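Here is a friendly walk through a protein model, from helix pairs to single residues. Have the structure open beside you as you read.

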Amino acid sequence: MNGFGFGGVDGGPVPEVLAALGVVGLLLVLLAIALLAWADRQRRWPSLVLGMLGIVAGEYALNEVRTQTINHTAGEGLTNTVKRYPPALRDWTIPGMAALPALFGVAAGTLWSFRNRRLHEEVPERYKEGVQHYYQRNYEAALIDLTAALKIEPQRADVLCMRGAVFARLGAYEMAIADLDRALTHAPGLLDAYLHRGRVRAARGEYDLALADFDRFLDVRHHDAECLLERGRCLERKGLVLEAVAVFEKVLRLTNHPDLAFPATERLRALGANGPAWPQAAPSTP
């Protein structure tokens, strides 16, 4: 019985083994192509490796069919070396050896590009769902959606900013700061990142850094009542009572929205200050 070899000489794999290798190689290539059609970023490389293994198996089988020889006894003790497979079959091996990697290369490139587009189209939807979960206070669900979006576009600043805000709500301040810093690295003008980072820094007792973030925000949005309220709280915690009172009074002059006016009024009462009383404050700004 013939032994198994890799040299394309007498004693190489028998036709049944080569046929099995060819079929397995083709199936691996087709499986890799199918996986590339739906794989995310992390699963693409294993799919490519699977396809390369299939190509190696198929190319080996075809090359053996093309080059394998057997020793044939011609009589009177003479031995001739002849090709094991007929010319008609060997003629198909060269086109096959070229077609198999070409098929995989074209299919893999096309599907890689197609999957890229499909994945990037998911990011806005993931971000939108994450924002909705955030305002519904379903922070764990928001974290899942935003993290999924960042796996596709890891440098997208608005998603990093929102995930930083979610981490802040969950009390994971270090992770929040990391995301917000990355967001500002990619988009230095992203004002919401300064607001969220200021809140986190204030919660950690880093009042000077928090005030710097709030001021950076207010340099652009001078009359943002939400940021002013956070700045007033930070000033109060730092012990700058008069400055805090002035900020809380400004909040009440800007809005009568209960989420902002009520806490500003409460802080003024706690500080014993006389200011515009909510809800008789000025109407909220659009």
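## Helix α6 and helix α7

Within how many ångströms do the axes of α6 and helix α7 come, and at roughly what angle do they cross? In this predicted model, the two axes come within 8 Å and cross at roughly 160 degrees. Angles over 145 degrees count as roughly antiparallel, and α6 and α7 are therefore roughly antiparallel to each other. Their crossing is left-handed.

If you would like to see the residues that build this contact, start on the α6 side with Ala157, Leu160, Cys161, Arg163, Gly164, Phe167 and Ala168. Across from them, α7 (residues 173–186) supplies Tyr173, Met175, Ala176, Asp179, Leu180, Arg182, Ala183 and His186. By class, the residues of this α6–α7 contact divide into 10 nonpolar, 2 polar and 3 charged.

## Helix α6 and helix α8

Helix α6 also has a partner in α8, which spans residues 191–203. Here the axes come within 10 Å and cross at roughly 20 degrees. Angles under 35 degrees count as roughly parallel, so α6 and α8 are roughly parallel to each other. The crossing in which α6 passes α8 is left-handed.

On the α6 side of this contact you will find Cys161, Ala165 and Ala168, and on the α8 side Asp192, Ala193, His196 and Val200. The residues of the α6–α8 contact divide into 5 nonpolar, 1 polar and 1 charged. Cys161 and Ala168 of α6 take part in the contact with α7 and in the contact with α8.

## The nonpolar cores

In soluble globular proteins, nonpolar side chains tend to be buried together. In this model, the largest nonpolar core has 51 residues, and Phe217 and Val251 have the most contacts inside it. Helix α6, residues 157–169, gives the most to this core, with 9 residues. Another core lies apart from it, with 11 residues that include Leu48, Ile55, Leu100 and Ala108.

Let us look more closely at Val251. Not counting residues up to four places away in sequence, Val251 touches Ala225, Leu228, Leu229, Leu260 and Ala264.

## Two residues to visit

Is aspartate 213 buried or exposed? Its relative accessible area is 3%; buried means under 20%, so aspartate 213 is buried. This residue lies in helix α9, which covers residues 207–218. Leaving aside neighbours within four places in sequence, aspartate 213 is in contact with Tyr194, Arg197, Gly198 and Arg201.

Valine 82 lies in strand β2, residues 78–83. With a relative accessibility of 32%, valine 82 falls between the 20% and 50% cut-offs and therefore counts as partly exposed. Its C-alpha atom is separated by 5.4 Å from that of threonine 69, and the two residues are 13 residues apart along the chain.

## The whole chain

Stepping back, the protein has 12 helices and 2 strands. Following the elements from the N terminus, you meet them in the order α-α-β-β-α-α-α-α-α-α-α-α-α-α.

How much of the protein counts as buried? Of its 286 residues, 39% do. As for contacts with a separation of 6 or more, 55% are accounted for by residues 24 or more positions apart.

Conventions
Residues are numbered from 1 along each chain as its sequence is written. This is a predicted model: local features need pLDDT of at least 70, side-chain atom pairs count only at pLDDT 80 or more; totals for chains, interfaces and linings use all residues. Side-chain values use heavy atoms; hydrogens and water are left out. A nonpolar core is a set of buried Ala, Val, Leu, Ile, Met, Phe, Trp, Tyr and Cys residues joined through side-chain atoms within 4.5 Å. Buried means under 20% relative accessible area, exposed over 50%, partly exposed in between (1.4 Å probe, protein chains only). Helices (H or I, at least four residues) and strands (E, at least two) are DSSP runs, numbered from the N terminus. Contact means heavy atoms within 4.5 Å. Axes are lines fitted to C-alpha atoms, for helices over the stretch in contact, and angles run from 0 to 180 degrees between N-to-C directions. Angles under 35 degrees count as roughly parallel, over 145 as roughly antiparallel, 65 to 115 as roughly perpendicular and the rest as oblique. A crossing is left-handed if the near helix is turned anticlockwise from the far one by less than a right angle, and right-handed if clockwise. Ala, Val, Leu, Ile, Met, Phe, Trp, Tyr, Cys and Pro count as nonpolar, Asp, Glu, Lys and Arg as charged, and the others, Gly among them, as polar.
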